[in-house]
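Reader: I have a structure open and I'm not sure how to read it. Can we go through it together?
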Amino acid sequence: MPEIHHLLRTTFGYDRFRPLQREICEATLAGRDVFALLPTGGGKSLCFQLPALARDGLTVVVSPLIALMKDQVDALQASGVAATFLNSTLGEDEARSRLRGLHRGEFRLLYAAPERLMLAGWKENLKSWNVSCLAIDEAHCVSEWGHDFRPEYQQLAKLRGLLPGVPVMALTATATERVRAGIIQHLGLRDPATFVASFNRPNLTYRVVPKDQPLKQVIDFIRRREDESGIIYCASRSTAERVADSLAGRGFLARAYHAGLDADTRSRNQEAFLRDETRIICATIAFGMGINKPNVRWIIHHDLPKNIEGYYQETGRAGRDGLPGDCLLLFSPGDIAKQTHFLDEITDAQEQKIARDQLRNMVNYAESAGCRRVALLAHFGEGFPTATCGACDNCLEPRETYDGTVVAQKFLSCLYRIARHSGFSVGLRHVVAVLTGVVNEKIRRWGHDQLTTYGIGPELDERGWSAVARELMRLGHVALSPGEFATLELTDSGLEVLRARTPIQLTKPMDLPTARKAPARRAGEVECDEILFARLRALRKELADERRVPAYIILGDAALRAMARHYPATERDMTGIPGLGERKREQFGALFAEEISDYLRTNSRQRFND
């Protein structure tokens, strides 16, 4: 469809579609329901924004976060698109003014929260506004199996009956096959055109290091990135506050964000981050869903996430502009115990089982010696063409393996003899206690101090044996037994390994002295004149402050890096700069060209490899 390609170039400043964008636009313009799963940074928003400009009527966008609505509407208006939002932040007069504009057909896109669309009186509004498409962003919120379930999303199915002929588009950045099926069912999508893009984020580098003096580790990491924006995810509000205060006390521009702060403070801290007045946000998972800040360069997980879905989505907030992003997870076995304690408080047995499975998958990822990217993609049912990616810690500096046959035999044998002696299975800590010769009431009462495996494992401490156990679980030789309690049992392959004394190679645990450093070259890196880039970034900040919008609303880092690489010293030379559509070139092209021209008066051009 030549029209949408023309709109892509003239309105948004891009010459090419990202994977599946064109196909999604064509399907919805043909009147079909659409389910689209594109990774964070994959360009989901353009999939409904472009068709909204290519057809008559109003596209209603369901969005879960107030901050996201304003963010996207600001960006659209900067590109010359008639868009608006309605939410609780607006005064009564402003809300009425926007409603009048909607009744007059002045807007092409309306952003609203799901609960607002269900309000009394909105039924007639939606019928009278010539709605041509309903786009549901963050659609995983509709599924109980999603990691961010929101009950109000399930009410959206009622809009199908209200607007029977209007195509519905459901979009998400992260969903397992089970969640995808739930989205299609709950929203009543009719024979939807389904698009699932690759989950691979090639510009992100993934690293896991043992947690030891985490504040020092965080400071060492961000000192190498002081001019870059990043998010530190913490498991609790108190940790987020403590880390933010510690960083601010050392001169870093850092603030906290969590649900315990009052709404005004949360809003101020988020706005400061979006406008680059604060470089670092220390947050719980309450922060970030749908935040459209493209120049987040790094993500740190101070604590172990609860599940891979959440971890993937949180790391995905780095490098949305396609430029490099670094993702660091600080891992401690102690964090496993903390998360397990929280799971013990879940009263619903099925919910607790799901949460335990999710946590075990997360631990397997953190402790794995294999490629991080391969593991992440496999979790979402996607393969990777090679065994290594070259952009994670395990691929850049593979961990050593060792002959673990003896310790594996000891552990498997102990598990076998406990079950045979007692007729029931026990948990990991009890098995380790028997191996290390601990004396306690349960061991004496059950007679486990009389087993031949009692005390045979003094060479490892509790942490070492726990690591061996988790690796044997990953290898499929040990499994968690079904039931109320998380006990261990031998699998058929574990029993065969024990009987045949099969040699087993185990991976050495991550060790602090050999913890890997960041790679010298970052995935997705774009070489440019860094001094000019800094000057262009300063100009962008001035323009953004004058207009009271985040800097990336003016232009993204990818556009500035392209300028600092190709030196367009006239407005005419700006053709082809990514993200610089006609409206933005009219507004800002001459200003940036003048800055580049001024720079070249005293500096020579650098040459870069293609």
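Author: What follows goes through a sheet, the cysteines, the aromatic rings, a helix and two loop residues.

Reader: Before that, what kind of model is this?
Author: This is a predicted model, in which local features need pLDDT of at least 70 and side-chain atom pairs count only at pLDDT 80 or more, while totals for chains, interfaces and linings use all residues. Residues are numbered from 1 along each chain as its sequence is written, and side-chain values use heavy atoms, with hydrogens and water left out.

Reader: OK, the sheet. In what order do the six strands of the open sheet come?
Author: The order is β8-β13-β12-β9-β11-β10, and the pairing is parallel. Strands (E, at least two residues) and helices (H or I, at least four) are DSSP runs numbered from the N terminus, and two strands pair if DSSP finds at least two bridges between them.

Reader: Which strands are at the edges?
Author: β8 (204-210) and β10 (254-257), each of which pairs on one side only. On average, neighbouring strands of the sheet are turned by 20 degrees against each other, direction ignored; the axes behind that angle are lines fitted to C-alpha atoms, and angles run from 0 to 180 degrees between N-to-C directions.

Reader: And how many bridges join β9 and β11?
Author: Four bridges, in the parallel sense, between β9 (residues 229-233) and β11 (residues 280-283). Tyr233 has Ala283 in β11 as its bridge partner.

Reader: New topic. How many disulfides are there?
Author: Zero, where a disulfide is a pair of cysteine sulfur atoms within 2.5 Å.

Reader: Why is Cys25 not in a bond?
Author: Because the closest cysteine sulfur, in Cys47, is 5.4 Å from that of Cys25, too far for a bond. Cys395 is in no disulfide either, with the nearest cysteine sulfur, that of Cys392, 3.5 Å away.

Reader: Is Cys25 buried or exposed?
Author: Cys25 is buried, at a relative accessible area of 0%. Buried means under 20% relative accessible area, exposed over 50%, and partly exposed in between, with a 1.4 Å probe and protein chains only. Cys395 counts as buried too, at 17%.

Reader: Now rings. How many aromatic pairs does the structure hold?
Author: Nine. Rings of Phe, Tyr and Trp (its six-membered ring) pair if their centres lie within 6.5 Å; planes under 30 degrees apart count as stacked, over 60 as edge-to-face, and the rest as tilted.

Reader: What sort of pair are Trp122 and Trp129?
Author: Edge-to-face, because their planes are at 85 degrees, with the ring centres 5.5 Å apart. Trp122 is buried at 6% relative accessibility, and Trp129 is buried at 5%. Elsewhere, Phe199, Tyr312 and Phe380 form one aromatic cluster.

Reader: Which residues of helix α22 are buried?
Author: In α22 (residues 492-500) they are Gly494, Val497 and Leu498. They are on the same side of α22, because they cover an arc of only 100 degrees around the axis; the arc is that of the directions from the helix axis to the C-beta atoms. Asp492 and Arg499 are exposed on the other side of α22.

Reader: Last one, where is Asn130?
Author: In the loop between α7 (122-128) and β5 (131-136). Asn130 is not a glycine, yet has a positive phi of about 55 degrees. Most residues other than glycine have a negative phi. Arg548, also not a glycine, has a positive phi near 55 degrees and is found in the loop between α23 (530-547) and α24 (551-554).
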